[in-house]
Amino acid sequence: MPVEMSQARFEELVADALDAVPEELAGAMDNVVVLVEDHNEEAPDILGLYHGVALTERTSDYGGVLPDRISIYRTPILRMCDSEEQVVEEVLITVVHEIAHHFGIDDSRLHDLGWG
């Protein structure tokens, strides 16, 4: 049965996950914002999505652009979890996964590292 959780509590869990990112990584993030959204219209079952240009792909032409976005999708995460503890874990995994994409780490490598 899906977990029921307020938007505010879910956003708090995302903030906690961001706080858990090591300072050297958090400090290296550049021009990116993390948003909580209900779900992705095109792929309603995905848990998160990185929209942007990874740091490893930015060239000297990169500049004057809107921030990249990391979207964390509340509904599919809550739907797949049976407890708040599972939500906490899944939010952390999803946040780390999407931040890794910002650093240019692909899905295959993330799976190898246990963050798939």
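**Exercise 1. Work out whether H51 is buried, partly exposed or exposed.**

Start with the value: H51 has a relative accessibility of 23%. Next, bring in the cut-offs: buried means under 20% relative accessible area, exposed means over 50%, and partly exposed is in between (1.4 Å probe, protein chains only). So H51 counts as partly exposed.

Before going on, a word on what you're looking at. This is a predicted model, where local features need pLDDT of at least 70 and side-chain atom pairs count only at pLDDT 80 or more, while totals for chains, interfaces and linings use all residues. Residues are numbered from 1 along each chain as its sequence is written, and side-chain values use heavy atoms, with hydrogens and water left out.

**Exercise 2. Find where H51 sits and what it touches.**

Step one: look in strand β2, residues 48-51, and you'll find H51 there. Helices (H or I, at least four residues) and strands (E, at least two) are DSSP runs, numbered from the N terminus.

Step two: list the partners. Not counting residues up to four places away in sequence, H51 touches D68, R69, S71 and Y73. Contact here means heavy atoms within 4.5 Å.

Step three: pick out the polar contact, which is a pair of N or O atoms within 3.5 Å (within protein, one must be able to donate a hydrogen and the other to accept it, and residues adjacent in sequence count only if both atoms are side-chain atoms). The side chains of H51 and S71 make one at 3.1 Å.

Step four: check the backbone. I70 is 19 residues from H51 along the chain, yet their C-alpha atoms are separated by 6.2 Å.

**Exercise 3. Describe the surroundings of R58.**

First, place R58: the loop between β2 and β3 (68-73) is where it belongs. Its relative accessible area is 16%, so R58 is buried.

Now look at what the side chain of R58 does. One of its polar atoms lies 2.9 Å from the backbone oxygen of V53, and there's a polar contact of 3.4 Å with the side chain of Y62.

Finally, gather the contacts beyond four places in sequence: R58 meets D30, N31, Y50, V53, D68 and H102.

**Exercise 4. What is the sign of phi at N31?**

Phi of N31 is near 55°, so to speak on the positive side, and N31 is a residue other than glycine. For background, most residues other than glycine have a negative phi.

As for its setting, N31 is found in the loop between α2 (23-28) and β1 (32-37). With a relative accessible area of 27%, N31 is partly exposed.

**Exercise 5. Is A54 buried or exposed, and which residues is it in contact with?**

A54 shares its address with the loop between β2 and β3. Its relative accessible area is 6%, so A54 is buried. Leaving aside neighbours within four places in sequence, A54 is in contact with H101, H102 and G104.

**Exercise 6. Put together the overall picture of the chain.**

Count the elements: there are 5 helices and 3 strands. Read them in order and you get α-α-β-β-β-α-α-α.

Then check the span: along its principal axes, the C-alpha trace covers about 50 × 30 × 25 Å.

Last, look inside: buried residues make up 32% of the 116 residues. Of the contacts with a separation of 6 or more, 72% come from residues 24 or more positions apart.
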